[in-house]
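The exercises below are meant to be worked through with the sequence and the coordinates side by side. Each one sets a task and is followed by a solution that goes step by step.

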Amino acid sequence: MNLQKSKQAGFTLIELLIVIVVIAILAAISVVTFTGIQQQGRDSRRAGDSANIVKLVSTCMASESGAEWKDISTLTALKTAIKSGGKCSKSSNINEDTLDALVVTAPASGSKIEMQYQICAPKGTPEADIKDNITGIKLTYWHEKDNRTKDVTAGEAGECKKADA
């Protein structure tokens, strides 16, 4: 009797399962890492956009050429001043997407783009008089990593209230 072992090339079922499990683990790690990187990117963008708007407003409110900045009591007035192309706005790197992210309501938990625009006056100013005594602004945005809101201010931000649309 001639017993002949057949030699078949290939992998066993166990070997294939081990490879699949290793690939699945690596994929899971990649997804978690990628999500964290996206979150950091959104946080950085909101922080940068807020800082750019605040710097622009500070500079233009202080400059004599910034006549269009005398009344930024409403969100519409702020957007108009930024878009107007005046001497202050020409050097700004604030784009339409950033302006569209400005809102008058507080950013919702988990909001990925919204920034609340508030007008501010010196401490002790009654809320009804803030609109007539603007000395600064405050932008509030949602910071995903810390799971809370963060503020960026310009000028004197003693008493603040949400701006009208």
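**Exercise 1. Describe the salt bridge between Asp146 and Lys150, and state whether each partner is buried or partly exposed.**

Solution. In this predicted model, the side chains of Asp146 and Lys150 meet in a salt bridge, with N to O at 3.2 Å. The next step is to classify the partners, for which buried means under 20% relative accessible area and exposed means over 50%. Asp146 has a relative accessible area of 35%, so it is partly exposed. Lys150, with a relative accessible area of 23%, is therefore partly exposed as well.

Beyond this pair, salt bridges that share partners join Arg42, Asp43, Arg46 and Glu144 into one network, and a search of the whole structure finds six salt bridges.

**Exercise 2. Work out which salt bridges Arg46 forms with Asp43 and Glu144, and where the partners lie in the chain.**

Solution. Begin with the location of Arg46, which lies in helix α1. Its side chain meets that of Asp43 in a salt bridge of 2.4 Å, N to O. Because Asp43 and Arg46 are three residues apart in helix α1, they are separated by about one helical turn. Both of these residues are buried.

Now turn to the salt bridge between Arg46 and Glu144, in which the closest N and O atoms are 3.3 Å apart. This pair links distant parts of the chain, since Arg46 is in helix α1 whereas Glu144 is in the loop between β3 and β4, 98 residues apart. Arg46 has 3% relative accessibility and so counts as buried, and Glu144 is buried with a relative accessible area of 11%.

Finally, list the surroundings of Arg46: not counting residues up to four places away in sequence, Arg46 touches Ser111, Lys112, Ile113, Glu114, Met115, Tyr141, Trp142, His143 and Glu144.

**Exercise 3. Place Gln39 in the model, and state which residues it touches when those up to four places away in sequence are not counted.**

Solution. The place of Gln39 is in helix α1. At 26% relative accessibility, Gln39 counts as partly exposed. Not counting residues up to four places away in sequence, Gln39 touches Glu144 and Lys145. A separate C-alpha to C-alpha comparison puts Gln39 and Lys112 at 8.8 Å in space, although they are 73 residues apart in sequence.

**Exercise 4. Find how many disulfides the structure holds, and describe the geometry and the setting of the cysteines involved.**

Solution. A search of the whole structure finds one disulfide, which joins Cys120 to Cys160 with S to S at 2.0 Å. The pair links distant parts of the chain, for Cys120 is in strand β2 and Cys160 is in strand β5 (residues 159–162), 40 residues apart. The torsion about the S-S bond of Cys120 and Cys160 is about 105 degrees, so the disulfide is right-handed.

The two ends can then be classified by accessibility. Cys120 is buried, with a relative accessible area of 0%, whereas Cys160, at 26% relative accessibility, counts as partly exposed.

**Exercise 5. Identify the residues with the most contacts inside the largest nonpolar core, and say which elements supply at least two of its residues.**

Solution. The largest nonpolar core has 26 residues, and those with the most contacts inside it are Ile53, Leu78, Leu102, Tyr117 and Ile137. At least two residues of this core come from each of α1 (13–62), α2 (75–83), β2 (115–121), β3 (136–143) and β4 (148–155). With five residues, α1 gives the most to this core.

Leu102 can serve to illustrate the contacts: leaving aside its neighbours within four places in sequence, Leu102 is in contact with Ile53, Leu75, Leu78, Lys79, Met115 and Leu139.

**Exercise 6. Set these details against the whole chain by describing its elements, its burial and its nonpolar surface patch.**

Solution. The chain has three helices and five strands, which follow the pattern α-α-α-β-β-β-β-β along the sequence. Buried residues make up 33% of the 165 residues. Among contacts between residues at least 6 apart in sequence, 55% join residues at least 24 apart.

The accessible surface of the chain comes to about 10500 Å², with 57% belonging to carbon and sulfur atoms. A nonpolar surface patch of about 980 Å² is made by Leu13, Ile14, Leu17, Ile18, Ile20, Val21, Val22, Ile25, Leu26 and Ile29, and Leu26 is found in helix α1.

Terms used. Residues are numbered from 1 along each chain as its sequence is written. This is a predicted model: local features need pLDDT of at least 70, side-chain atom pairs count only at pLDDT 80 or more; totals for chains, interfaces and linings use all residues. Side-chain values use heavy atoms; hydrogens and water are left out. A nonpolar core is a set of buried Ala, Val, Leu, Ile, Met, Phe, Trp, Tyr and Cys residues joined through side-chain atoms within 4.5 Å. Buried means under 20% relative accessible area, exposed over 50%, partly exposed in between (1.4 Å probe, protein chains only). Contact means heavy atoms within 4.5 Å. A disulfide is a pair of cysteine sulfur atoms within 2.5 Å. Patches are made of residues with over 30% relative accessible area and no salt bridge: like charges are joined within 9 Å, nonpolar side chains (Val, Leu, Ile, Met, Phe, Trp, Tyr) within 5 Å. Accessible areas come from the Shrake-Rupley method with a 1.4 Å probe; for residues, only the protein chains shown count as cover. A salt bridge is a side-chain nitrogen of Lys or Arg within 4 Å of a carboxyl oxygen of Asp or Glu.
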